[in-house]
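Here is a briefing on a single protein model. Please look over the fold before reading the points below.

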Amino acid sequence: MIKPLFILVLLLLSVDVFGNNETIDTIAGKTFELVDQKIPKQYKKTTFDSISILESHSLSELIQQHSSVFIKDYGPGSLSSISFRGTGASHTQVQWNGVLLNSPMNGQVDFSLYPTIFFNQAELHHGAASLLDRNGALGGSVLLKNSQDFEAKNTAFIKQSVGSFGAYKTEFSSAFVQNKWLFDTQLFYYTTQNDFEFINISKKGNPIEKQKNAEILQYGIQQGIYRQLKNGSFGGRIWLFDSNLAPTITKDSSSESQKDQSFRALLEYKHLRNKLSFNITSGLIKDVLIYEDKSAKIYSKSNSYLIDNLININYYLNNKINIINNLNIRFETAESGGYSNIKQRTQGSWMTGAIFSFGQLQLNVFNRFIALNNVFNPFAPSIGGKLQLLAKEQLYIKVNAGINYHYPSLNDLF
């Protein structure tokens with residue numbers, strides 16, 4: 001078994017060799033098909049194909065190069081945040097197979113910490129389209145997914161990149177199906193010395209210096225195990241990731257360091273019976289941020305946990321009417337030196353509504369009920385419509401509107 005697998009890995013080996021001015025890429029990809037609950041056509045979305053995902057290093061690079069959404073990037077290994085339709089970074093929500101990944105502390109996501117090898121489907125939901133995902137995404141939503149294909153053949157591939165300034169990156173992915181069991185594994189390793197020369201404009205005379213204390217090290221693993229059932233599937237997935245953050249070139253201190261450590265796990269159960277389909281997901285997210293400056297005698301450690309539970313139910317009354325009920329309960333807790341004690345809160349929401357299809361006309365009506373600790377908001381509606389003006393031409397009129405609520409993060413409150 002080991003010898004055939006080794007030969008398969010060699011056959012699928014792709015090597016990226018790049019210097020300062022040229023790049024040679026060999027990428028093998030497979031298109032995918034979305035099988036989860038789809039957003040109504042009257043809303044705007046951007047879907048990334050599998051080739052775009054594979055050829056990108058991180059989620060930040062994927063969105064920058066293959067969409068019009070703005071990413072504020074401070075360089076390799078540094079913070080990368082999003083601005084969706086002119087809103088702040090905390091106004092965009094990121095979901096991984098339905099589980100919300102935004103930090104309970106600042107409400108944001110660092111897009112440089114999400115290697116594209118860890119997901120094979122990605123979508124952007126613009127503006128009012130995000131109302132169908134969650135409340136609080138005033139700009140939009142980013143959805144990351146891992147497909148479950150029990151009919152696919154066993155596959156494995158490895159991609160190795162070598163670059164200037166001591167840059168090495170290794171990505172490995174495999175998927176095996178045996179007796180209705182699916183096992184898929186993704187590995188990621190990236191390191192670079194980052195010791196380039198630069199003109200230091202922060203010093204008198206603008207001297208040419210070599211960057212110090214700028215090493216980057218990122219590594220992680222994701223493991224998924226799923227069982228195919230008669231009319232559905234059940235399984236889980238674990239995501240571990242560790243990264244360091246390099247200081248900016250204007251920093252004289254070589255004693256600074258920052259580590260980001262993440263643990264993500266989820267369980268999923270999907271079932272389809274007659275006209276009813278439902279998806280139950282429960283996720284646990286733990287994030288640790290450690291900042292240390294030995295010369296200034298600073299050591300700061302922040303911990304955050306969240307438990308996210310979802311029940312999504314679709315009832316297909318007929319081929320024209322689809323009734324949707326989505327229930328979400330989320331628990332957050334965080335501990336930091338800036339807080340007087342451990343902070344925590346619970347948020348719940350229930351979205352109910354229907355999608356109507358009448359020939360060339362499509363309509364949807366939804367409302368979301370929101371509860372945050374002792375605050376209850378029963379009115380967060382969303383309506384939309386799409387009319388095809390000409391039967392044989394791609395000419396449409398689309399209208400959608402809604403009311404959204406964004407609640408402050410724990411850092412905002414405390």
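The notes below go from overall figures to one sheet, the aromatic contacts and a few single residues.

This is a predicted model. The average pLDDT is 85, and 88% of the residues score at least 70. The protein has 4 helices and 25 strands.

**Confidence**

- Residues 1–35 stay under a pLDDT of 50.
- The model has 58 contacts beyond four places in sequence for residues 1–35.
- Where pLDDT is low, the predicted coordinates should not be read in detail.

**Overall figures**

- The protein has 414 residues, and 45% of them are buried.
- Among contacts with a separation of 6 or more, 58% join residues 24 or more positions apart.
- The exposed area is about 21700 Å². Carbon and sulfur atoms supply 58% of that area.

**A five-stranded sheet**

- An open sheet of 5 strands runs in the order β3-β8-β9-β6-β7, with mixed pairing.
- β3 (45–48) and β7 stand at the edges. Each has a single partner strand, so one side of each is left without a neighbour in the sheet.
- Strands of a sheet pair through backbone hydrogen bonds, either parallel or antiparallel.
- β8 pairs with β9 (residues 140–145) in the antiparallel sense, over 6 bridges.
- Two residue matches place β8 against β9: H125 stands opposite S141, and Q121 has K145 as its bridge partner.
- β6 (residues 92–96) runs parallel to β9, and 5 bridges join the two. Here V94 has V142 as its bridge partner.

**Strand β9**

- How many residues of β9 are buried? The count is 6 of the 6 residues, so β9 is largely enclosed by the rest of the structure.
- G140, V142 and L144 point one way from β9. S141, L143 and K145 point the other way.
- Residues on both sides of β9 are buried, K145 among them.

**Aromatic pairs and cluster**

- The whole structure holds 11 aromatic pairs.
- One of them joins F118 and F241, edge-to-face. The centres are 6.4 Å apart, with 85 degrees between the planes.
- This pair links distant parts of the chain, 123 residues apart. F118 lies in the loop between β7 (99–100) and β8 (121–126), and F241 in strand β16 (residues 232–245).
- Are these two rings' residues buried or exposed? F118 is buried at a relative accessible area of 0%. F241 is also buried, at 5%.
- Y339 and F414 form an edge-to-face pair, 6.4 Å centre to centre, with 70 degrees between the planes.
- Y339 is in the loop between β20 (321–335) and β21 (343–358), and F414 is in the segment after α4 (410–413). The pair therefore ties together parts that are 75 residues apart in sequence.
- Y339 is buried at 9% relative accessibility, whereas F414 is partly exposed at 46%.
- One aromatic cluster is made up of W96, Y114, F118, F188, W239 and F241.

**Charges over rings**

- R264 places its charged end over the ring of W239, 4.8 Å from the ring centre. W239 belongs to the aromatic cluster.
- K343 lies over the face of F414, 4.4 Å from the ring centre. F414 is also the ring paired with Y339.

**Residue T192**

- T192 lies in strand β12 (residues 181–192).
- T192 has a relative accessibility of 4% and counts as buried.
- Beyond its neighbours within four places in sequence, T192 contacts S164, F165, G166 and A167 as well as A214, E215 and I216.

**Positive phi outside glycine**

- K180 is not a glycine, yet its phi is positive, at about 70 degrees.
- K180 is found in the loop between β11 (167–178) and β12. With a relative accessible area of 49%, K180 is partly exposed.
- N206 is not a glycine either, and has a positive phi of about 50 degrees.
- N206 sits in the loop between β13 (197–199) and β14 (208–210). At 38% relative accessibility, N206 is partly exposed.

Methods
Residues numbered from 1 in each chain as written. Predicted model: local features only at pLDDT ≥ 70, side-chain atom pairs only at ≥ 80, totals over all residues. Heavy atoms only, no water. pLDDT = per-residue confidence, 0-100. Contact = heavy atoms within 4.5 Å. Phe/Tyr/Trp six-rings, centres within 6.5 Å; stacked < 30°, edge-to-face > 60°. Buried < 20%, exposed > 50% of the residue type's maximum accessible area, 1.4 Å probe, protein only. Lys NZ or Arg CZ within 6 Å of the ring centre and 35° of its normal. Areas by Shrake-Rupley, 256 points an atom, 1.4 Å probe, with all protein chains shown as cover. Pairing = 2+ DSSP bridges.
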